[in-house]
Amino acid sequence: IKDLRLENSKTQEELATAIGMSRPTYANIESGKQEINLDQLEKLAKFYSLDLTSLISGVVPDFEKYKEMLLFFLRETKTKDGKIPKTKLAKMLYLADFGWFYENFNSMSGMQYRKIAYGPVPDAYFRVVDEMVEYGKISIDVKSSDEGRTAFLISEKVTNLNQKLNRLSKGEAVMMKKIANKWAD
């Protein structure tokens with residue numbers, strides 16, 4: 001929890017106040033001299049907008065990197081209209097995280113996945129997509145078929161194409177490019 005506090009530029013006083021204890025008590029928890037209880041852990045997770053599992057495991061999602069992964073796939077997937085179905089994009093993101101974990105024993109994005117009807121996806125996927133639409137990074141077009149199916153097609157906004165994707169390592173980009181090529185059709 002000390003590393004998390006320092007990464008977020010917070011003081012011990014701020015964290016102690018957030019979880020309802022004195023700064024010396026919080027300092028003792030950070031140094032391992034005192035145990036933290038479940039109620040305090042839940043308050044700490046809420047303070048950082050994390051789920052309890054992420055806080056306890058120490059695997060904290062990198063939302064900015066996840067957004068870059070999403071943009072990478074939008075840029076690399078060769079379609080005539082530059083649009084990818086929302087479900088396909090979610091699957092490609094999962095494959096990148098899973099593939100990276102398989103080879104390196106850690107997730108590329110730090111996201112925690114859960115099983116849903118169309119395949120594993122992190123809860124944050126839908127929030128990230130909505131946020132990127134809201135901030136004008138991507139757009140979603142809704143397309144209905146004659147069979148009554150609805151497709152949500154995602155594309156990157158032209159005004160966003162100059163954004164550099166600097167959170168992805170060269171190895172991560174190579175793996176993602178392979179996935180994009182394999183799923184091109």
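Biologist: At roughly what angle do the axes of helix 7 and helix 8 cross?

Modeller: This is a predicted model. Helix 7 covers residues 86-104 and helix 8 covers residues 124-134. Their axes come within 12 Å, and the crossing angle is roughly 120°.

Biologist: Is helix 7 perpendicular or oblique to helix 8?

Modeller: The axes of helix 7 and helix 8 cross at roughly 120°. Angles of 65 to 115 degrees count as roughly perpendicular. The crossing angle of roughly 120° therefore makes helix 7 to helix 8 oblique.

Biologist: Which residues of helix 8 does helix 7 meet, and how many residues of that contact are charged?

Modeller: From helix 7 come Lys86, Leu89, Ala90 and Leu93. They meet Tyr125, Phe126 and Val129 in helix 8. By class, this contact has six nonpolar residues, no polar ones, and charged residues numbering one.

Biologist: Is the crossing of helix 7 with helix 9 left-handed or right-handed?

Modeller: Helix 9 spans residues 170-182. The axes of helix 7 and helix 9 come within 10 Å and cross at roughly 130°. That angle makes helix 7 oblique to helix 9. The hand of this crossing is right-handed.

Biologist: Which residues make the contact of helix 7 with helix 9, and how many of them are nonpolar?

Modeller: Helix 7 gives Met92, Leu95, Ala96, Gly99, Trp100 and Glu103. Helix 9 gives Gly171, Glu172, Met175, Met176, Ile179 and Ala180. Two residues of the contact are polar, two are charged, and the nonpolar ones number eight.

Biologist: Where does helix 6 meet helix 7, and what is the class of most residues there?

Modeller: Helix 6, residues 63-76, has its axis within 10 Å of that of helix 7, and the two cross at roughly 115°. The contact is made by Tyr66, Met69, Leu70, Phe73 and Leu74 of helix 6 and Leu89, Met92, Leu93, Ala96 and Asp97 of helix 7. One residue is charged, none is polar, and nine are nonpolar.

Biologist: Which element gives the largest share of the lining of the largest pocket?

Modeller: The largest pocket holds about 270 Å³ of space. Helix 7, helix 8 and strand 5 (150-156) each give two or more residues to its lining. The largest share is four residues, and it comes from helix 7.

Biologist: Which residues lie closest to the centre of the largest pocket?

Modeller: The pocket is lined by 15 residues. By class, the lining has 10 nonpolar, three polar and two charged residues. Closest to the centre are Lys86, Thr87, Ala90, Tyr118 and Phe126.

Biologist: Which of those central residues also take part in the contact of helix 7 with helix 8?

Modeller: The residues closest to the pocket centre include Lys86, Ala90 and Phe126. In the helix contact, Lys86 and Ala90 are on the helix 7 side, and the helix 8 side includes Phe126. The names found in both places include Lys86, Ala90 and Phe126.

Biologist: How many helices and strands does the chain have?

Modeller: The C-alpha trace spans about 60 × 35 × 35 Å along its principal axes. From the N terminus on, the elements run α-α-α-α-α-α-β-α-β-β-α-β-β-α. The count is nine helices and five strands.

Notes. Residues are numbered from 1 along each chain as its sequence is written. This is a predicted model: local features need pLDDT of at least 70, side-chain atom pairs count only at pLDDT 80 or more; totals for chains, interfaces and linings use all residues. Side-chain values use heavy atoms; hydrogens and water are left out. Axes are lines fitted to C-alpha atoms, for helices over the stretch in contact, and angles run from 0 to 180 degrees between N-to-C directions. Angles under 35 degrees count as roughly parallel, over 145 as roughly antiparallel, 65 to 115 as roughly perpendicular and the rest as oblique. Contact means heavy atoms within 4.5 Å. Ala, Val, Leu, Ile, Met, Phe, Trp, Tyr, Cys and Pro count as nonpolar, Asp, Glu, Lys and Arg as charged, and the others, Gly among them, as polar. A crossing is left-handed if the near helix is turned anticlockwise from the far one by less than a right angle, and right-handed if clockwise. On a 1 Å grid over the protein atoms alone, a cavity is a set of points where a 1.4 Å probe fits but cannot get out, and a pocket is an open set with protein on both sides within 12 Å along at least five of seven lines; lining residues have an atom within 4 Å of a point. Grid points are joined across faces, edges and corners, and a volume is the space filled by probe spheres set on the points.
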